Amino acid sequence: MVMVFYGSNGKSNPVSMENKVEHQTENQITYDIHLPSDLGMLYKVRLGLQSLEENISPLFLHHFKIQKRSTLDTFCLTINKILPLSPNGDRWIEFPIQWPLKEALSVVTYHLTVFSRNILNERNLLHMTACIYGTHGDTGDRSLLQSLQNVQQGEKNESFLVTVDAVDLGELEKIVLLISSKTDCKLDIKKLHVQEAAKDHPIYVFELNEEFSVNAYKPKIRREIPRSFVIRGEKEKNDIDNNLNKEGSQEKYLTEYTITVYTGDKRGAGTDANVHIVLFGNENKSEVFQLSQSLEHQNPFERGKVDTFKIKTRKLGRLRAIEIGHDGKGFASGWFLEKVEITDAARNSMHCFNCNRWLSEDESDGLTKVQLYPQPLDF
């Protein structure tokens, strides 16, 4: 059994209950736990089973009590739940801590919907978890493939629902996916939606549109997905679904961006791989654009060169991040990207995204794509 304590200034490392028993009776175990002094005021606990083995013995949790030694402030909670919560279900329980004169957060049931193409066919070969982050902390890694609900499978697309109970996360900010497999397999994930089960809105949209290959060389894949946009009402949802599909009105909902890419002046800095970019705004996210038609050079991304591209996409609001990278194809595909400048014609603004690193499987962390954040140069 493992506990993670969340405070106003952060969270603790996982605290294993193994070998920490101070007092034990037939139905009660007491632990002395020393938490970092800079954790701040505790506001929630995540308690669960660290093992992922299917034959793990169930654990019945009746009552939880925590007392702060310095003040003797005490919090008690009746749990009456068995871990795991179902034969193949969630192995974690979260609950808020309510101290005297402090208002506690509530427990929320979140619906996480995964839109994909082939995960359901591969689910017996995969282990996949998601950790949802918000302004009030995170959920920890929760399994996505052990207890699926509302499975819908079509010819090309599929979706399934996962229920996650957690202390209120506040405004959702990102999702971290962890994918692993003991055998070779591929999966294509389009996007994820998260919303409170009791509410139709807001819907937090995390677009990915990426195919993953898990094999002996990459048995584990970690991907951090920032929030793309938020649908806060039914009208907004209909607008997003319909506006770009209306004949004759598409231009009304598009804006033009000028993208200037600076390749570093280092030996081997250029690349012949296929370079892509995704733009993230505070209102929306662009589709994936392949940067192939440079306004200056027939062969873009050569050492020490500057290439300019123009794209049109849905209105994104103020730019807050970009993802840029390449597919690793071609001889010596590694690329040293110095920076990217993006001009937003509609907002009359320009942002600079500094990079100054290799995007190469053979350099440093082996990443061929990166997320960058702007230094605003508005004019």
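**Arg-46, the largest pocket and selected loops**

The backbone oxygen of Thr-139 sits 3.4 Å from a polar atom in the side chain of Arg-46. This distance comes from a predicted model. Arg-46 belongs to strand 6. Its relative accessible area is 5%, so Arg-46 is buried. Beyond four places in sequence, the contacts of Arg-46 fall in several stretches of the chain, and Val-2, Met-3, Val-4, Tyr-6 and Lys-11 are among them. Trp-92, Ile-93 and Glu-94 also touch Arg-46. So do Asp-138, Thr-139, Gly-140 and Arg-142. Thr-139 therefore appears twice in this account, as a contact of Arg-46 and through its backbone oxygen, 3.4 Å from the polar side-chain atom.The fold as a whole is made up of two helices and 29 strands. The protein has 379 residues, and buried residues account for 45% of them. Many contacts span long stretches of sequence. Among contacts between residues at least 6 apart, 66% join residues at least 24 apart.

Confidence varies along the chain. The mean pLDDT of the protein is 82. A value of 70 or more is reached by 85% of the residues. Among the elements, strand 26 (residues 335-344) has the highest mean pLDDT, at 94. Helix 2 (residues 234-242) has the lowest, at 57. Residues 244-250 stay under 50. For this stretch the model has five contacts beyond four places in sequence.

The largest pocket has a volume of about 1,600 Å³. Its lining comprises 41 residues. Tyr-31, Phe-64, Lys-65, Ile-66 and Gln-67 lie nearest the centre of the pocket. Five strands each supply at least two residues of the lining: strand 1 (2-7), strand 4 (21-24), strand 5 (29-31), strand 6 (42-48) and strand 7 (59-67). Strand 7 gives the largest share, with nine residues. Strand 6, one of the five contributors, is also the strand that holds Arg-46. By class, the lining has 20 nonpolar residues, 14 polar residues and seven charged residues.

Leu-169 is placed in the loop between strand 15 (158-167) and strand 16 (172-181). Its relative accessibility is 0%, so Leu-169 counts as buried. Leu-169 and Ile-132 are 37 residues apart along the chain, yet their C-alpha atoms are separated by 8.4 Å. Ile-132 is in contact with Leu-169. Other contacts of Leu-169 beyond four places in sequence include Gly-134, Thr-135, His-136 and Gly-137. Lys-44 and Tyr-110 touch Leu-169 as well. Asp-138 and Thr-139 are also on the contact list of Leu-169, and both of these residues touch Arg-46.

Gly-334 lies in the loop between strand 25 (319-326) and strand 26. At 11% relative accessibility, Gly-334 is below the 20% cut-off and so counts as buried. The C-alpha atoms of Gly-334 and Gly-268 are separated by 7.5 Å, although the two residues are 66 apart along the chain. Gly-334 is in contact with Gly-268, Ala-269, Gly-270 and Thr-271. Beyond four places in sequence, Gly-334 also touches His-326, Trp-358, Leu-359 and Ser-360.

Ser-294 occupies the loop between strand 23 (289-290) and strand 24 (306-314). Its relative accessibility is 14%, so Ser-294 counts as buried. The side chain of Ser-294 makes a polar contact of 2.8 Å with the side chain of Asp-307. Leaving out residues up to four places away in sequence, Ser-294 touches Pro-300, Asp-307, Thr-308 and Phe-309.

Some backbone details also stand out. A cis peptide bond joins His-201 and Pro-202, with omega at about 0°. Pro-202 is in the loop between strand 17 (185-196) and strand 18 (203-214). Leu-72 is a residue other than glycine with a positive phi, near 65°. Leu-72 lies in the loop between strand 7 and strand 8 (74-83). Its relative accessible area is 56%, so Leu-72 is exposed. Asn-356 also has a positive phi, near 50°, and is likewise not a glycine. Asn-356 is found in strand 27 (residues 349-359). At 47% relative accessibility, Asn-356 counts as partly exposed.

Key: Residues numbered from 1 in each chain as written. Predicted model: local features only at pLDDT ≥ 70, side-chain atom pairs only at ≥ 80, totals over all residues. Heavy atoms only, no water. Helix = DSSP H or I, 4+ residues; strand = E, 2+ residues; numbered from the N terminus. Buried < 20%, exposed > 50% of the residue type's maximum accessible area, 1.4 Å probe, protein only. Polar contact = N/O pair within 3.5 Å; in protein donor to acceptor, adjacent residues only side chain to side chain. Contact = heavy atoms within 4.5 Å. pLDDT = per-residue confidence, 0-100. 1 Å grid on protein atoms, 1.4 Å probe; cavity = no way out; pocket = protein on both sides within 12 Å on 5 of 7 lines; lining within 4 Å. Points joined across faces, edges and corners; volume = space filled by probe spheres on them. Nonpolar A, V, L, I, M, F, W, Y, C, P; charged D, E, K, R; others polar.
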